[in-house]
Amino acid sequence: FISIVQTRDGYLWVGRVEGLARFDGLRSVVFDKSNTPALADNWIRGLAEDREGRLWIGTLGGGIVCRESGRFLRFGADEGIPGEVVSALYADRSGRLWVGTRGAGLYRFQGGRFVRATGDEALATRTVRSLVEDGDGTLWVGTETGLFGYSAGEVRIAPAAGGLATFHAVFLLAHD
């Protein structure tokens, strides 16, 4: 599998190369481009649930799909997504949905469409591979060329990370 999330309704959603699987504890149902027209690509790269309970699905070649009230709706270029490759999704504790793209930087969902994150110039042509928020509200952005912190519209490179490594996944560990 590529990504996994449990939504507040109790379902476990698994993003895979072969589509999106929903598991209720007993059975699994697969949603893919053969039975869900909004899924233009079966390769699911990211999953996130927002504060409204919508499931956001990022695909390798079919943009973003939102599942709300049992319906799937596709978002693409007309809604502000540059290209069709979504490489990361993250819903922060403030309720914002963040989207990492291939070669076009960082976006967020605002007013029914996706807009480039303000101050994103340092990330504008990078592939955002992973997103996670720390306890101070900084969004950590893992890219193909390094790790960046994004806060209050400013982007800064993580000094220890340099610009020498690809960050496929970024995790934060809680401690007391």
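Strand 9 (residues 86-91) and strand 10 run antiparallel and are joined by five bridges. Strands here are DSSP runs of E, at least two residues long, numbered from the N terminus, and two of them pair if DSSP finds at least two bridges between them. This is a predicted model, where local features need pLDDT of at least 70 and side-chain atom pairs count only at pLDDT 80 or more, while totals for chains, interfaces and linings use all residues. Residues are numbered from 1 along each chain as its sequence is written, and side-chain values use heavy atoms, leaving out hydrogens and water.

Back to strand 10: on its other flank, three bridges tie it to strand 11 (residues 106-110), again antiparallel. Here are its two hairpins side by side.

| Hairpin | Residues between strands | Glycine with positive phi |
|---|---|---|
| strand 9 and strand 10 | five residues | G95, about 100° |
| strand 10 and strand 11 | four residues | G103, near 75° |

Want to find the partners? A88 has G100 in strand 10 as its bridge partner, and W98 sits opposite R108 in strand 11.

In general, side chains of a regular strand alternate between the two faces of the sheet. In strand 10, L97, V99 and T101 on one side and W98 and G100 on the other are all buried, meaning under 20% relative accessible area (1.4 Å probe, protein chains only). With five of its five residues (97-101) buried, strand 10 is therefore largely enclosed by the rest of the structure.

Elsewhere, four strands make an open antiparallel sheet in the order 1-2-3-4. Strand 1 (3-6) and strand 4 (28-31) are at the edges with a single partner strand each, so one side of each has no neighbour in the sheet.

Notes. Buried means under 20% relative accessible area, exposed over 50%, partly exposed in between (1.4 Å probe, protein chains only).
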